Amino acid sequence: MFSSRNKSSQHNRQTKPRSKKLSLLDENIDRQIQVIHAAIAHKLLNSAELRQLARDKIEAKFKQGQLRYNEYLHWLSTLDNFELTDTFILGFTEYTPQLRRWRRNIPFTGILTEEERQQALEQNALGTLNSVVIGG
């Protein structure tokens, strides 16, 4: 009776996906990429031409096998929601494991100039006093 239960629990433990703990370096890189994507989102909001360029890049990456289907659908549906500003920006910046992974395979190269990218990173490099949690 107990032996089958143990085998079952061992099997469940072996098949459960293990969550990967992020290093401080990975966390920092993901935050930088998130900031860059926020800047990209804001720039795309103001330019139909750039949204079309982004769409073309997504299509090309998908056809070349560089984007999975779910990534492809996410980025295209995000671009389609540009009139819903908050939803549009969230589609680029949401801090979930899945989007952190997808942002690292960035289909939006060439949207920001190097100066805009640097400015976004510098503006968001330091927290504000309001973002600091003071322990008591």
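At what angle do the axes of H4 and H6 cross, and within what distance do they come? The legends below take up that question and others, using a predicted model.

**View 1. Helices H4 and H6 cross at roughly 90°.**
Here is the answer to the opening question: the two axes come within 11 Å and cross at roughly 90°. Because angles from 65 to 115 degrees count as roughly perpendicular, H4 is roughly perpendicular to H6. On the H4 side, look for Asn70, Glu71, His74 and Trp75; they meet Gln98, Leu99, Trp102 and Arg103 of H6. Sorted by class, the residues of this contact are 3 nonpolar, 3 polar and 2 charged.

**View 2. Trp102 sits in helix H6 and touches residues of H4.**
With a relative accessible area of 8%, Trp102 is buried, because the cut-off for that term is under 20%. Setting aside neighbours within four places in sequence, Trp102 is in contact with Asn70, Glu71, His74 and Trp75. One of these partners, Glu71, is 31 residues apart from Trp102 along the chain, and yet the C-alpha atoms of the two are separated by 6.7 Å.

**View 3. Helices H4 and H5 run roughly antiparallel to each other.**
The axes of this pair come within 8 Å and cross at roughly 155°. Angles over 145 degrees count as roughly antiparallel, and H4 and H5 are therefore described that way. The crossing of H4 past H5 is left-handed. His74, Trp75, Thr78 and Leu79 make the contact from H4, and Phe88, Gly91 and Phe92 make it from H5. This contact has 4 nonpolar and 3 polar residues, with no charged ones.

**View 4. Thr78 is a buried residue of helix H4.**
Helix H4 covers residues 69-80, and Thr78 has its place there. The relative accessibility of Thr78 is 5%, so Thr78 counts as buried. Beyond neighbours within four places in sequence, Thr78 is in contact with Phe88, Gly91 and Phe92. Those three partners are also among the buried residues of H5 (residues 85-93), which include Ile89 and Thr93 as well. The cover over the buried residues of H5 includes H4, together with helix H2 (24-45) and helix H6 (97-104).

**View 5. Phe92 and Phe108 belong to the largest nonpolar core.**
This core has 21 residues. The residues with the most contacts inside it are Ile40, Leu44, Ile58, Phe92 and Phe108. At least two residues come from each of H2, helix H3 (48-63), H4, H5 and H6. For a closer look, follow Phe108: leaving out neighbours within four places in sequence, Phe108 is in contact with His37, Ile40, Ala54, Ile58, Trp75 and Phe92. As general background, nonpolar side chains in soluble globular proteins tend to be buried together.

**View 6. Helices H2 and H6 meet with charged residues in their contact.**
The axes of H2 and H6 come within 10 Å and cross at roughly 75°. The two helices are therefore roughly perpendicular to each other. From H2, the residues to find are Asp26, Ile29, Asp30, Ile33, Gln34 and His37; in H6 they meet Arg100, Arg103 and Arg104. By class, this contact has 5 charged, 2 polar and 2 nonpolar residues.

Methods. Residues numbered from 1 in each chain as written. Predicted model: local features only at pLDDT ≥ 70, side-chain atom pairs only at ≥ 80, totals over all residues. Heavy atoms only, no water. Helix = DSSP H or I, 4+ residues; strand = E, 2+ residues; numbered from the N terminus. Buried < 20%, exposed > 50% of the residue type's maximum accessible area, 1.4 Å probe, protein only. Contact = heavy atoms within 4.5 Å. Core = buried A, V, L, I, M, F, W, Y, C linked by side-chain atoms within 4.5 Å. Axes fitted to C-alpha atoms, helices over the stretch in contact; angles between N-to-C directions. Parallel < 35°, antiparallel > 145°, perpendicular 65-115°, else oblique. Left-handed = near helix turned anticlockwise from the far one by under 90°. Nonpolar A, V, L, I, M, F, W, Y, C, P; charged D, E, K, R; others polar.
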